[in-house]
Amino acid sequence: MTRRRVLVQLGCVLVTLFMGLPLYLIALASFTSRDALNAFPLPLLPTAVSGDTMNTFLRTTGIVGGMLNSLTVGLSTVALATLLGVPGGYALARFAFRGRDAYQVVMLLTRALPIVVLSVPLAKIFIDAGLYDTTYAVTLLHTALALPSTILITAAVFAGVSVEQEEAAMVFGAHRWAAFLRIVAPQALPGIAAAAVFTFVTSWNEVLGASILTLNRRTLPAHVLATLADSPLAFRFVGGLVLVLPAIVFIALVRRYLLNMWGTTLR
């Protein structure tokens with residue numbers, strides 16, 4: 001084994017520990033009995049496993065509703081951002097038009113403004129439209145935040161797909177739409193999956209906008225942020241684990257597409 005390979009393996013181990021150790025400690029504290037959690041020093045191995053804190057947390061008013069609202073908003077944001085962003089990315093990659101570079105810069109300006117600056121005017125608009133305190137309002141806000149990254153990621157993916165293959169399909173009689181579905185889409189699927197993962201994680205972790213635009217139909221992070229400040233320490237660990245777990249599960253479900261994309265890029 002060469003020295004370079006050893007350094008790469010060592011770097012991978014360090015990055016894994018940096019990312020995984022906090023998750024392990026949060027999970028350990030979440031499933032440790034309250035008596036053991038208050039002991040000093042705290043054990044680094046699960047010696048007093050208990051699900052009482054997790055059960056109590058899940059039975060707390062608003063937690064299950066917040067999880068359902070977060071899943072509804074996250075999946076709706078992924079669907080809406082993909083529906084709008086994929087055609088936009090394809091247009092940027094395949095068609096040359098005046099102001100294309102400036103258009104990409106303008107899209108990024110939506111992320112340059114603080115969310116609180118956007119949320120307050122949006123709250124007034126949603127109140128007038130009758131959408132305030134609904135998951136639709138949060139979905140529209142999250143879609144607006146995620147759409148630029150979806151367009152830019154998919155544009156980069158479509159630019160890597162061979163134009164000659166698509167043109168060859170059209171030469172042999174396929175319509176542009178059929179050439180896209182049969183030639184371009186299968187090769188671009190890993191990149192589209194990566195954009196979907198980024199969109200879902202962005203929506204799931206967004207707190208400030210959801211807190212401003214909702215009162216009774218808050219997403220889980222907004223509800224946890226509003227209630228955990230006065231909660232016991234054990235509840236805070238459980239809240240942190242519940243917040244991060246769905247994003248990890250979602251990434252694990254689409255990991256095959258991510259690995260395919262990275263493998264293609266590395267080659």
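Trainee: How do you know at what angle the axes of helix α7 (residues 135-159) and helix α9 (residues 176-205) cross?

Mentor: You fit lines to C-alpha atoms over the stretch in contact and take the angle between N-to-C directions, on a scale from 0 to 180 degrees. For α7 and α9 that gives roughly 145°, with the axes coming within 9 Å. Bear in mind that this is a predicted model, where local features need pLDDT of at least 70, side-chain atom pairs count only at pLDDT 80 or more, and totals for chains, interfaces and linings use all residues. Residues are numbered from 1 along each chain as its sequence is written, and side-chain values use heavy atoms, leaving out hydrogens and water.

Trainee: What makes the crossing of α7 and α9 right-handed?

Mentor: The label depends on how the near helix is turned from the far one by less than a right angle: anticlockwise is left-handed, clockwise is right-handed. α7 passes α9 in the right-handed way. The contact (heavy atoms within 4.5 Å) includes His142, Ala146 and Phe158 of α7, and Phe180, Gly191 and Ser203 of α9.

Trainee: Why is no residue of the α7 contact with α9 called charged?

Mentor: Charged is reserved for Asp, Glu, Lys and Arg; Ala, Val, Leu, Ile, Met, Phe, Trp, Tyr, Cys and Pro are nonpolar, and the others, Gly among them, are polar. Sorted that way, the contact has ten nonpolar, seven polar and no charged residues.

Trainee: Why is Thr143 called buried?

Mentor: Buried means under 20% relative accessible area, exposed over 50%, and partly exposed in between, with a 1.4 Å probe and protein chains only. Thr143 has 4%, so buried it is. Thr143 sits in helix α7 and touches Thr77, Leu80 and Ala81, leaving aside residues up to four places away in sequence. Across the protein, 35% of the 267 residues count as buried.

Trainee: How do you know how many helices and strands the protein has?

Mentor: You count DSSP runs from the N terminus: H or I over at least four residues for a helix, E over at least two for a strand. The result is 13 helices and zero strands. UniProt, in an unreviewed entry, lists residues 139-159 among its transmembrane regions; that span is 100% helix, with its end C-alpha atoms 29 Å apart.

Trainee: What is the mean pLDDT of helix α13 and of helix α4?

Mentor: On the predictor's per-residue confidence scale from 0 to 100, α13 (residues 255-266) has the lowest mean among the elements, 56, and α4 (residues 63-94) the highest, 91. The protein averages 83, and 94% of residues score at least 70.

Notes: UniProt positions are given in the numbering used here, feature names are shortened, and annotations may be inferred rather than shown by experiment.
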